[in-house]
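Trainee: I have a model to read and some terms to pin down. Can we go through them one at a time?
Mentor: Yes. Bring up the structure and start asking.

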Amino acid sequence: MTRVVTSPVMRFLARRVLYSLIVMLGVLVVVFALVHLVPGDPVRIALGTRYTPEAYEALRAASGLDRPLYEQFFSYAGSALTGDLGVSFRNGDPVTVTLLERLPATVSLGVVGIIIALLIALPAGVWSALHEGRLSDAIVRVTSQFGVSIPDFWMGILLIAFFATTLHWLPTSGYRPLFDDPAGWLRHIILPGLTVGLVAGAIMTRYIRSAVLDVAAMGYVRTARSKGLPPRVVTMRHTVRNAAIPVLTITGIQLATILSGVIVVEVVFAWPGLGRLVYNAVAARDYPIIQGAVLLIAALFLLINLVVDLLYAVVDPRIRLS
Amino acid sequence: MTTQEQSSRVSSLRLLAGNPVTVGSAIVLAVVLVVAVTAQWIVPFGTNDVDVPNALRPPSGEHWFGTDELGRDVFSRVLVAVQASMRVAVVSVAFAVVVGVTIGVIAGYRGGWLDTVVMRMVDVMFAFPVLLLALAVVAILGPGVTTTILAIGIVYTPIFARVARASTLSVRVEPFVQASRTMGTGHLFTLGRHILPNIAGPLIVQTSLSLAFAILSEAALSFLGLGIQPPQPSLGRMIFDSQGFVTLAWWMAVFPGAAIVVTVLAFNLLGDGLRDVLDPKQRTMIEARRRSG
Amino acid sequence: MADPVLSVRDLRVRIGRREIVRGVSFDVERDATLGIVGESGSGKSMTVLAATGLLDAPGAVVTGTSTLAGTSDSAPTQLVGASPRTLRDVHGGRIGFVFQDPGTSLNPLLTVERQITESLEAHRNMTRRQATERALELIEAVGLPDPQTRLNSYPHQLSGGQRQRVMIAIALACDPELLIADEPTTALDVTTQAQIIELVRELQRDFGTAVVWISHDLGVIGQVADDVTVLQDGQAVEQAPILDVFDRPQQPYTRELLESRPLVGDKGPPPVESDAPVLLRVDGLDVRFAVSTPVGRSTVHAVKDLTFQIRRGSTLGLVGESGSGKSTVAGALTGLVEPDAGSASLDGSDVFGARGAAAKALRRRISLVFQDPYSSLNPRMRVGAAIEEPLRVHRLAKGKQARRKRVAELLELVGLPGAFASRYPHELSGGQRQRVSIARALAGEPDLLILDESTASLDVSVQARVLDLLADLQRELHLAYLFIAHDLAVIQRVSHDVLVMRDGAAVEYRPAAELFDSPEQDYTRELLAAVPPSRPRAAVSGD
């Protein structure tokens, strides 16, 4: 047991976890600072037309905004650790509950998106790298360049216009939870998933292609050829396998990016996820929600990076065995 | 006698010119630039000339891109919107380059605790997804052009800091920089004559790519209503407004979107072409291919 | 007399408009080693890769014939223009390959065992179990201790020499008729190199494999080859049995190659006056480095309590293998590395403790020339500007005119035309670039010049000329040199005194003549024994 605990992998992971916690702390500080940098009085703005002196005092006291700044920070940080992120300015619901309600929709979108992206990018990136300079490579490169240049909300609108409004094959918006209605879940997630996945796929194709090209130029690929191994073995066991690490990296980055960029797609498809929540909260100056959502997304980001690091250790013996 | 190594090196400009795709994008960008500078003078119609009887007209000789739901000429609006987009992109990326490169070069050159502290801060910023951070900035400062520029500028600073730092680190350990140190050369001279000219390559490539992303980000922010505010036309807002009319008036959605795609694509292709020429590894491959052709 | 294993006739390789290999022919006899020797740009690697069908350069056109001898079951095989199928059978099955760089020639994600067994599975149709047994035999045959553990190791867990042994095991796995070794020992230490040479000879005897050994080093060729082909500019300039090439070279180029070689036993530099004062004194130099790996931090003790001195106008040769700490010494003297203990004085001025203006003055008086001519000069700075830098920094010439004049003088001093001042480094050859680095190092009129492996990356003939230049400069300018190298023959040629280092500590420190005549320490003897002798092995064994 001690051997597992003190093994190089565990030490590596421990350092990464510690590092992530420090970054989380930094995020906490930034998030807190952002909100409190707002010019103008958040309470007054939040109340808007419902302003009365009593309501003002009440909301202010309830939000703790009458206490000194550092006290507010520690109290916020403290309760954040216990899962209490305050209550929404708009409707008084606990922030944590609201966030958790909206999380599944965003996560499904993210997962479906990344799966679609991988299904496109892995074959396309590897194929185009192995056929570098030929026509198929040129086609992949041009297509992926287009994919990277298209605004995702535009693609979403066009997809809706085509498949939903015109052809009536798919619904225009909305979400069905997976476990309640699998068929409905699928029908509703196709268009937004495609919107997210196609763009992410284009980005990943370019990255994977470049990674495979780098590996193909390495000495051990020449050694593999010099052994007279069948081309498929050279490709899979030597070239592609060594590209696994950069592929892991980009997948992690993309997943994290999707979770954030998903805001716009959620707005287009009226998707009840974290993105749309943040968007509405920004419009309404609902700071507890904004704070909580940003915190959650940053935490997810870091968690994804941590998992990617763990997978590195699994895949690469140089990290596993010092 | 020994052989002289190949001493002929094709100049960068010639290599760039040899790639038709890069040349094409440069031309497209030149056109976009011209539009960006002269838009307000070359538009056939006012961008807010409402003309309801002529609403939702398809593209014609008079209205090249058709009219929107208020009868406004889409072509004129697109031109002015492109101008606004380019302005936002150029200013915000300029901000990111100046701040990011300064931070990155200093962190990479000095190393030590300064490097660690600065890069941890950059890491924290990286933990924030781009759009989210931009949203947060906009939330604090209120929507509008200035806020958009600031938001995008702040959000893209980390990537330049990272690229500048990474390049500085790898150039710093090159023997010619170490030789400079052993000569007793001052830091300023070393930075100016040795480091900066040799990190320019990756930075130029990154600038081109960031300009592309800045345009996409601005469009996204405008789409959400947080960027350029109406009645100023913006590509993102135009696409948002087109949502109700897509099946009736496809030109309201297609042309603004196409303008975005064309400009972003041109920046991306140019960036790729520049990378091929400026990255020494890529470059030897291209030179080899050129010579064998 | 059996026919040769490989018979190459009029091999040509053209890329674009340039012909890189221009009509080369050679035979590889059974049970013998063909040495192919040439400097950089001679096309030696490309020739052999093209002859064996392994060349993978875009746009390369290969013509000529390369015939692999038939066996009892098959006809001779033509390798030039052969189908991929045929080549796949030949590669690994009948021809094995060992490449130069052990660092990148092995797949980092696969165990040693897997990298051997996959060859066996592909060619010999073995089951996994049979292949593993054979892999174990091979690992033992290449002399790796603790074979079972080695089989389960990953490449990054092995040293450079061990990795080359693994490469040899892989190459010989399917018992090929021919082994191609492309600069297999160039990246290794001299002692490891000697071991690998022995290993290949032994294996050749045991397995009866023919070998083609490619190298730029005539000394190595002398140790391994039975026949030699000398390549220059893509052409075979001389082809003869080894003794003929060494003793009766016919071509001027071959003679030049032989004469340019620094050899142990050659005469050393002209002596220094016995009353020459001590210029540099180093006492108890100690340097430690902190290293962080993905799993934590540790310390490397790079230099341990080193003491030496250098007299004016003389050369101290600092010799050691990789990891000996010799470059760290250079770093400490030039301010790149902060020593942890010890003191040094240059003509009385404190070196390690100097700060501010005193430190800057020292930078002028101690100058450094690096190893790699390609990265020692800023690619974006003209030659003249590079040489000028010390003049500007130390305000040694007032005004642009004065500086330009001085740069022209320095260029002349190192034997380069003044017109080079306006060129960029990439327009110059490796040897020319090193001369520019020397000119730059001399601009500040230093007392001590440190040469850190400054000729190690140069072709042998170019190296000879640069060493001549350095000798002239030492005489004319009365310079002291700290000459750092791993090549003992070069050290003997230039040094008055020698300091042998190992693992950061001094092993032996004596006047050169004494050390080479009668080395006291075992390690020194080991190093000397590992240096390929001037006479080929065949001469000694009376072949």
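Trainee: How many residues does the contact take from chain C and from chain B?
Mentor: Chain C gives 34 residues and chain B gives 26 residues. Keep in mind that this is a predicted model. A residue counts as in contact if its C-beta atom lies within 7 Å of the partner's C-beta atom.

Trainee: Which helices of chain C each supply at least two residues of the side that touches chain B?
Mentor: Helix 12 (356-365), helix 13 (383-393) and helix 16 (460-477) of chain C. The side of chain C that touches chain B holds 10 nonpolar, 14 polar and 10 charged residues.

Trainee: Why are helix 7 of chain A and helix 10 of chain B called oblique to each other?
Mentor: Helix 7 (residues 135-149) of chain A and helix 10 (residues 250-278) of chain B pack at about 125°. Roughly perpendicular covers 65 to 115 degrees, and roughly antiparallel needs over 145. The angle fits neither, so the two helices are oblique. Their axes are 8 Å apart, and the crossing is right-handed.

Trainee: Which residues meet there?
Mentor: Helix 7 of chain A brings Gln145(A), Phe146(A), Val148(A) and Ser149(A). Helix 10 of chain B brings Val261(B), Val264(B), Leu265(B), Asn268(B) and Leu269(B). The residues of this contact are six nonpolar, three polar and no charged.

Trainee: What makes strand 1 and strand 2 of chain C a pair?
Mentor: Pairing takes at least two bridges. Strand 1 (residues 6-15) and strand 2 (residues 18-28) of chain C have eight, in the antiparallel sense. So they qualify as paired. One of the bridges links Arg12(C) to Arg22(C) in strand 2 of chain C. The two strands form a hairpin with two residues between them. In the turn, Gly16(C) has a positive phi of about 65°.

Trainee: What makes strand 16 and strand 20 of chain C edge strands?
Mentor: Strand 16 (366-369) and strand 20 (505-511) of chain C each pair on one side only. Their open, mixed sheet has six strands in the order 16-17-18-13-19-20. Neighbouring strands are turned by 15° against each other on average, direction ignored.

Trainee: How do you know that strand 13 and strand 19 of chain C pair?
Mentor: Four bridges join them, and they run parallel. The cut-off is at least two bridges. Among the bridge partners are Leu316(C) and Asp497(C).

Trainee: Which element of chain A has the lowest mean pLDDT?
Mentor: Helix 1 (residues 2-6) of chain A, at 55. Helix 10 (residues 219-226) of chain A has the highest, 92. Where pLDDT is low, the predicted coordinates should not be read in detail.

How values were computed:
Residues are numbered from 1 along each chain as its sequence is written. Chains are lettered from A and ligands numbered from 1 in the order in which they are written. This is a predicted model: local features need pLDDT of at least 70, side-chain atom pairs count only at pLDDT 80 or more; totals for chains, interfaces and linings use all residues. Two residues are in contact if their C-beta atoms, placed from the backbone, lie within 7 Å. Ala, Val, Leu, Ile, Met, Phe, Trp, Tyr, Cys and Pro count as nonpolar, Asp, Glu, Lys and Arg as charged, and the others, Gly among them, as polar. Axes are lines fitted to C-alpha atoms, for helices over the stretch in contact, and angles run from 0 to 180 degrees between N-to-C directions. Angles under 35 degrees count as roughly parallel, over 145 as roughly antiparallel, 65 to 115 as roughly perpendicular and the rest as oblique. A crossing is left-handed if the near helix is turned anticlockwise from the far one by less than a right angle, and right-handed if clockwise. pLDDT is the predictor's confidence in each residue, from 0 to 100.
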